[in-house]
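Open your viewer and get comfortable with the selection tool. We will take a short walk, one stop at a time.

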Amino acid sequence: MTDLSVEIGGVRLANPVMPASGTFSEEMEKVIDLNRLGAFVTKTITREIRAGNPLPRVAETRSGMLNSIGIPSKGVASFIKETMSRYADYRPPLVVSISAPTAEGFASLAEQLTLPGVAAIEANISCPNLEEDGKAFAMTASSTANVVQKLRAATRLPLWVKLTPNTGDVAGVARAAESMGADALVVANTILAMSIDIHTFRPRLGNVMGGLSGPAIKPIVLRQVYQCAQAVGIPIVGCGGIATAEDAVEYLLAGASAVQVGTATFVQPGAMLRIIDGIDRFCESRSLPSVRGLIGAVLNEEADVPDLAWVEPVS
Amino acid sequence: MNAICTAERLADVVRNDWLNAEYKHLVVRCSGPASSAHPGQFFQLLCPQPPGEEPYLRRPMSVYDADPAAGTVSFLYKVAGAGTRGLAGLGTGDRLDIFGPLGVGFTLDPAWKSIVVVGRGAGLATLAPLARAAQAAGIKVTAVLSARRPELLVSVDVFRGFGAEVLTVTDSEGTSGPAHVERLLRGLIAAGGCDAFLTCGSSRLMRVQQRLAREFDLPGQVAMEQQMACGLGMCFCCVLDFNRNGEIVHKRVCCDGPVFDLMEALP
Ligand SMILES: Cc1cc2nc3c(=O)[nH]c(=O)nc-3n(C[C@H](O)[C@H](O)[C@H](O)COP(=O)(O)OP(=O)(O)OC[C@H]3O[C@@H](n4cnc5c(N)ncnc54)[C@H](O)[C@@H]3O)c2cc1C
Ligand SMILES: Cc1cc2nc3c(=O)[nH]c(=O)nc-3n(C[C@H](O)[C@H](O)[C@H](O)COP(=O)(O)O)c2cc1C
Ligand code: FES
């Protein structure tokens, strides 16, 4: 038996596997044993009641999917009254994902959700910032610093900050979040993408553009987890295209302390539990007493910086 | 059954035969509650990859027949794109990963003496298991089945086999238009053969039934289709607008439906 427990910014998890926001809900209790998960992460909630985006909201791509769900939300009151109580009977800690169009909005929502039964706040700062022309907070270090600072002042709960992979400066954004008091980073959300139906000449998503997720994005997000792990000291939760235990181990080696599984659950509803079992077997086969031995264990003979200059993303 | 996920299982393909130029009938054997699926419920099928294509998400497919005694479930599907082309390649003895049964199916009110089932295209597959269920409940069925051409009419034998009266209408014979179907339905109502409408597969025919249901104060249910990802109510990919007492509400087809109140559905 491997010790699978990890600690993510003040939250102790029995194992490093949890769902990604928006790809999980308490409906899963009908098909898997929820008590086996490392944590629960809710769909992002917003203060205002939102309907979500126009249809169609999903398009399939090779090894992944595009979504433009938007953030349909029943609002905070309904979340506190109805959803939270459904999780109360389970062991895994509850991480509540929040979003708002302004830094003040984020802070007040975090404050309102600083409640018994909430183990951590995951701030989804990949959403548009109305104060910066709709550019996502996590696109730049400065707006990340601003929103994280306000969030930090608003809650004593562990604060996880979820980054966007669409920035050219993920390490800078990560450092900004850490310097303003984030307890952990979740890397990352979906990659902005699009798809066109060549028979009808129409975009496949009602919203034209949407977020790409699934195995297709794994190498990109893995690279960003690695870059963030080099840049900060706080724990990182890797999220992007994880479908198997091997994928999860790769993320741990790159520097993640835990992983979130999203789209893979749609294809294999038991994916998270299989990944937990697989990580356990992997550690056993390597005689590792603890999964923590994998975190950041990638062996790299440093490439010279100039060698990589030509692939460096420009922001 | 699968030890990790209670609704996901590997089923053995018993047969997978062409019914006509477009539709195949797939019968699988599986353990557990799958074979007791209700009419209108569906499964998420993990389609094999056909040559050169990679369907990624599961494909929703209605239960065509479920036989708990034989431990089988069957599907009737139109070969349309990558996923269904993958299904079409399955042969006897192959395995198929099925997830379900999912969703809310049709409900038969024991007070009904006779119902009218109206379907078109792949909707005929969704409606077919009602034939067995209605017979078991002692409810008489009249099925109005519509397709582009007579040879694409599926489920006719199923309905007849369970004692239903079947009226077929097709585009090629010029009988499938809403006006003609409305005349047929008015005739059935006048003859006292319609305590409820159950429908799937055509929004034009759904509108006709909504009108008649309002005029004659009849209940009805409609099975809706929408693209899905999770099939479990988690992702909100499958929402549609519904009209609940004049207010537009969003519902998820996979878990609030796929069967909805006829009067709430919007075409
Ligand atoms: C609840 C439900 C029950 C269904 N039952 C049946 C049935 O019994 N028999 C049958 O022939 N068909 C049925 N369908 C439609 C069937 O799911 C689609 O024909 C199938 O997904 C097409 O997949 P494809 O890869 O072959 O086609 P593609 O066009 O390549 O599919 C691309 C994407 O669009 C989705 N899609 C395409 N058409 C539809 C559609 N009509 N409805 C929902 N999603 C679609 C696919 O799932 C896939 O994600 C049902 C759909 C739903 C929602
Ligand atoms: C249907 C869908 C809905 C999502 N909704 C949210 C959301 O509400 N909040 C959020 O932070 N991320 C959301 N995401 C992003 C996921 O949490 C995750 O970051 C992303 O999908 C990458 O992981 P994956 O490849 O394992 O899916 C959503 C993703 C999908 C596919
Ligand atoms: S398909 Fe995911 S909510 Fe319906």
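Start by selecting ligand 1: 20 residues surround it, and B:R59, B:P60, B:G83, B:T84 and B:E225 come nearest (a residue is near a molecule if one of its heavy atoms lies within 4 Å of it). This is a predicted model, where local features need pLDDT of at least 70 and side-chain atom pairs count only at pLDDT 80 or more, while totals for chains, interfaces and linings use all residues. Residues are numbered from 1 along each chain as its sequence is written, chains are lettered from A and ligands numbered from 1 in the order in which they are written, and side-chain values use heavy atoms, leaving out hydrogens and water.

Next, look for polar contacts, meaning pairs of N or O atoms within 3.5 Å. Which residue has a side-chain N or O atom 2.7 Å from a nitrogen atom of ligand 1? Click on B:E225 to find it. Then show the backbone of B:K78, where an N or O atom lies 2.8 Å from an oxygen atom of the ligand.

Now colour chain B by strands (DSSP runs of E, at least two residues) and helices (H or I, at least four). β4 (59–62), β6 (72–78) and α1 (82–88) each supply at least two residues of the ligand's shell, and β4(B) gives the most, with 4 residues.

Finally, move to chain A and select its open sheet of 4 strands, in the order β5-β6-β16-β13 with antiparallel pairing; two strands pair if DSSP finds at least two bridges between them. The edge strands, β5 (58–61) and β13 (191–194), each pair on one side only. Inside the sheet, 3 bridges join β6(A) to β16(A), and A:M65 has A:S213 as its bridge partner.

Definitions and conventions
A polar contact is a pair of N or O atoms within 3.5 Å; within protein, one must be able to donate a hydrogen and the other to accept it, and residues adjacent in sequence count only if both atoms are side-chain atoms.
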